[in-house]
Amino acid sequence: MNEVAAAMAPEEEHGLPDKRQVAASFSRAAASYDAVAELQRTVGSALIERLPRTLMPARWLDLGSGTGHFSRILASRFPAGEGVALDIAEGMLRHARPQGGASAFIAGDAECLPLREASVDLVFSSLALQWCEEFSSVLSEAKRVLRPGGVFAFSSLCSGTLQELRDSWQAVDGFAHVNRFRPLSAYQQHCAASGLRVERLEVEPEVLHFAELRQLTSELKALGAHNLNPGRPGGLTGRARIRALIDAYERFRTPSGLPATYQVVYGVLRKELT
């Protein structure tokens, strides 16, 4: 499919970025990530608050652990438990390991977990699973590695994320410059068919504000979350197009600044006891 055709196709029909590109991008961003990870900390903290109050895992997995920020929080919250930090980006693991938090740091894929069946009581994953092509495989793997009664808690992104930036680029050249994410309906369908009991599944918008557009684009780059779409436009972006993009985005300005809206999906699922 050429770029023009790709840009015109429905969002949910697009493939997600290649995992090797995702891993390389986030590995490069390891050193800069925490300094600009306001959204990630907000969303991960909200996911922590959604964990069942009675949950006391003997062993937990931080899936897509990144710099290990939430591995350390999980270790503090569950001091009697043993933790495993797993990420596809080895650069993130190298950055996280010296800071502790988990008992083991493992490079691995959420769609094919290198863990034994029924080996953990909690799978915690915040803002990582939007990069997985087959969410049904993620759910299947979570169910496999969870012990009976165990919990899979995740946050992810769905379509409508960064819609202001998407609409602004659409006004400039019609190409897909913004990462695409699956629709909420796909999360609902996959969770319903997972064999796990859905205790909660909801979407909440999180809005960040920036004084200038370049602050948003610089943050996305520092996070390793800049455009990773397959078929994305190549080459340099000329000054005229950047000027046009800035002008288009200014239409969204509020008294708080330029908004960047993230549509965040929160899910808490449990493996049945029998």
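This passage walks through one helix, a residue packed against it, and a handful of salt bridges in a predicted model.

A good place to start is helix α11, which runs over residues 239–249. Its buried residues are Leu 245, Ala 248 and Tyr 249. These sit on the same side of α11, because they cover an arc of only 95 degrees around the axis. The general rule behind such patterns is that an α-helix has 3.6 residues a turn, so residues three or four places apart point the same way. Turn to the face of α11 that looks away from the buried side, and the exposed residues Arg 239 and Ala 240 come into view.

What does the buried side of α11 meet? Part of the picture comes from Ser 168, which belongs to helix α8 (residues 163–172). With neighbours within four places in sequence set aside, Ser 168 is in contact with Leu 245, Ala 248 and Tyr 249, as well as with Arg 251 and Phe 252. Leu 245, Ala 248 and Tyr 249 are the buried residues of α11. Ser 168 itself has a relative accessibility of 0%, so it counts as buried.

Charged side chains make up the other half of the story. Across the whole structure, a search turns up 14 salt bridges. One of them pairs Arg 147 with Asp 121, with the closest N and O atoms 2.8 Å apart. Arg 147 lies in strand β5 (residues 146–157) and Asp 121 in strand β4 (residues 120–126), so this pair ties together parts that are 26 residues apart in sequence. The two partners fall into separate classes of exposure: Arg 147, at 27% relative accessibility, is partly exposed, whereas Asp 121, at 16%, is buried because the cut-off for that class is under 20%.

Another salt bridge joins Glu 49 and Arg 53, and here the closest N and O atoms are 3.3 Å apart. Glu 49 is partly exposed, with a relative accessible area of 46%, while Arg 53 reaches 59% and is exposed.

Then there is the pair formed by Glu 202 and Arg 200, whose side chains meet in a salt bridge at 3.0 Å, N to O. Glu 202 is partly exposed at 23% relative accessibility, and Arg 200 is partly exposed too, with a relative accessible area of 34%. This pair does not stand alone: Arg 200 and Glu 202 are linked with Arg 50 and Glu 204 in a network of salt bridges.

How values were computed. Residues are numbered from 1 along each chain as its sequence is written. This is a predicted model: local features need pLDDT of at least 70, side-chain atom pairs count only at pLDDT 80 or more; totals for chains, interfaces and linings use all residues. Side-chain values use heavy atoms; hydrogens and water are left out. Buried means under 20% relative accessible area, exposed over 50%, partly exposed in between (1.4 Å probe, protein chains only). Helices (H or I, at least four residues) and strands (E, at least two) are DSSP runs, numbered from the N terminus. The arc is that of the directions from the helix axis to the C-beta atoms. A salt bridge is a side-chain nitrogen of Lys or Arg within 4 Å of a carboxyl oxygen of Asp or Glu. Contact means heavy atoms within 4.5 Å.
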